[in-house]
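Here is a protein model to explore together. Please take a moment with the sequence and the 3D view before reading on.

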Amino acid sequence: MNSRLPRGLWAVASELSVRDVDAWMHSAAGAAAWTFRRPAEGDREALHCLRRLREHAAWLAVHGRSDLALLSQADGLIAGAQSLPWECLADRLHARPSEPFPDRRRIVLGAAVHNQGQVEMAQRAQAKFLILGPIWQTPSKRGILAPQGCEKLHALAAHDCPVLAIGGVDRPERVQQAHAAGAHGVLLLRAAQDAPLFQELLCAWRESEDAV
């Protein structure tokens, strides 16, 4: 496992099934990290998917499920609004290592945040990175969460904790805008299922890095 937090594009595998995992990995090839959330099937199938991802991922994180993160030897665990209390997740990761979870100390805790209250919760849980979103309007959050915008991303990224952007990043200029606002990386969900678009967005991030 690699504890260093990768910069760049992170591909989000959401509602991934066993039969689709190989095709998804092909589509999201080249990502700096893969994350796994909302399994499409039961826990056994979810663990099978995660172990397949683990074989090929440069860096792997699991959303919300500390048990799956530990069993799959993931690199990161992402706390969210519907997960267990964030401090509970932190306590489980920091507990004394023992079988069958010998690598638990090496899993990095992050938190998906949407407001200042959640940022403070993440700080209390000693999260090592934040995911802010949605930056732009996105179908899954329409009518639920208002877009945060690049100004909030820039303000949060000005602090010491690395911040990644998520939500509505579906074109090269938005990747570049997130990079310019100080994002450590960008999470892509729908774009990770579109191989040509994903490669286009990868190029946009690399061009932004080269321009610095």
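The report below looks at strands, aromatic rings, salt bridges and cysteines in turn.

**Before we start**

This is a predicted model, in which local features need pLDDT of at least 70 and side-chain atom pairs count only at pLDDT 80 or more, while totals for chains, interfaces and linings use all residues. Residues are numbered from 1 along each chain as its sequence is written, and side-chain values use heavy atoms, with hydrogens and water left out.

**A strand with two covered faces**

Let us begin with strand 8, which spans residues 185–188. Helices (H or I, at least four residues) and strands (E, at least two) are DSSP runs, numbered from the N terminus. A residue is called buried under 20% relative accessible area, exposed over 50%, and partly exposed in between (1.4 Å probe, protein chains only). On one side of strand 8 sit G185 and L187, on the other V186 and L188, and all of them are buried, leaving both faces covered.

Which strands pair with strand 8? Two strands pair if DSSP finds at least two bridges between them. Strand 1 (residues 8–14) runs parallel to strand 8 and is joined to it by 4 bridges. Here L9 has V186 of strand 8 as its bridge partner. Strand 7 (residues 163–166) is also parallel to strand 8, with 3 bridges between them. In this pairing, L164 stands opposite G185.

Now follow the chain through helix 7 (residues 172–180): together with strand 7 and strand 8 this helix makes a right-handed β-α-β unit. A crossover is right-handed if, with the strands pointing away from the viewer, the path from the first strand over the helix to the second runs clockwise.

**Aromatic rings**

A pair of aromatic rings is described by the distance of the centres and the angle of the planes. Rings of Phe, Tyr and Trp (its six-membered ring) pair if their centres lie within 6.5 Å; planes under 30 degrees apart count as stacked, over 60 as edge-to-face and the rest as tilted. The structure holds 4 aromatic pairs. One of them is W24 with W34: the ring centres are 5.3 Å apart and the planes stand at 75°, so the pair is edge-to-face. W24 belongs to helix 1 (residues 21–27) and W34 to strand 2 (residues 33–37), so to speak two distant parts of the chain, 10 residues apart. W24 counts as buried at 7% relative accessibility, and W34 counts as buried at 7% too.

Another edge-to-face pair is W59 with F129, with centres 6.3 Å apart and planes at 75°. W59 lies in the loop between helix 2 (43–56) and strand 3 (60–63), whereas F129 lies in strand 6 (residues 129–132), so the pair ties together parts that are 70 residues apart in sequence. Are W59 and F129 buried or exposed? Both are buried. W10 joins W59 and F129 in one aromatic cluster.

**Salt bridges**

A salt bridge is a side-chain nitrogen of Lys or Arg within 4 Å of a carboxyl oxygen of Asp or Glu. How many salt bridges does a search of the whole structure find? The search finds 10. The table shows some of them.

| Acidic residue | Basic residue | N to O distance |
|---|---|---|
| E41 | R19 | 3.9 Å |
| D67 | R65 | 2.9 Å |
| E87 | R124 | 4.0 Å |

E87 lies in helix 4 (residues 86–94) and R124 in helix 5 (residues 116–124), so their salt bridge ties together parts that are 37 residues apart in sequence. E87 is partly exposed, at 41% relative accessible area, while R124 is exposed, at 53%.

For the first pair in the table, R19 is exposed with a relative accessible area of 70%, and E41 is partly exposed with 34%. In the second pair, D67 is partly exposed at 24%, and R65 is partly exposed at 27%. Beyond the table, D22, R52 and E55 are linked in a network of salt bridges.

**Cysteines**

A disulfide is a covalent bond between the sulfur atoms of two cysteines. In this report, the term stands for a pair of cysteine sulfur atoms within 2.5 Å. By this rule the count comes to 0 disulfides. Why does C88 form no bond? Its closest cysteine sulfur, in C161, is 20 Å away from the sulfur of C88, which is too far for a bond. The sulfur of C150 is likewise too far from its closest cysteine sulfur, in C161, at 18 Å. C88 is partly exposed, with a relative accessible area of 44%, and C150 is partly exposed, with 22%.
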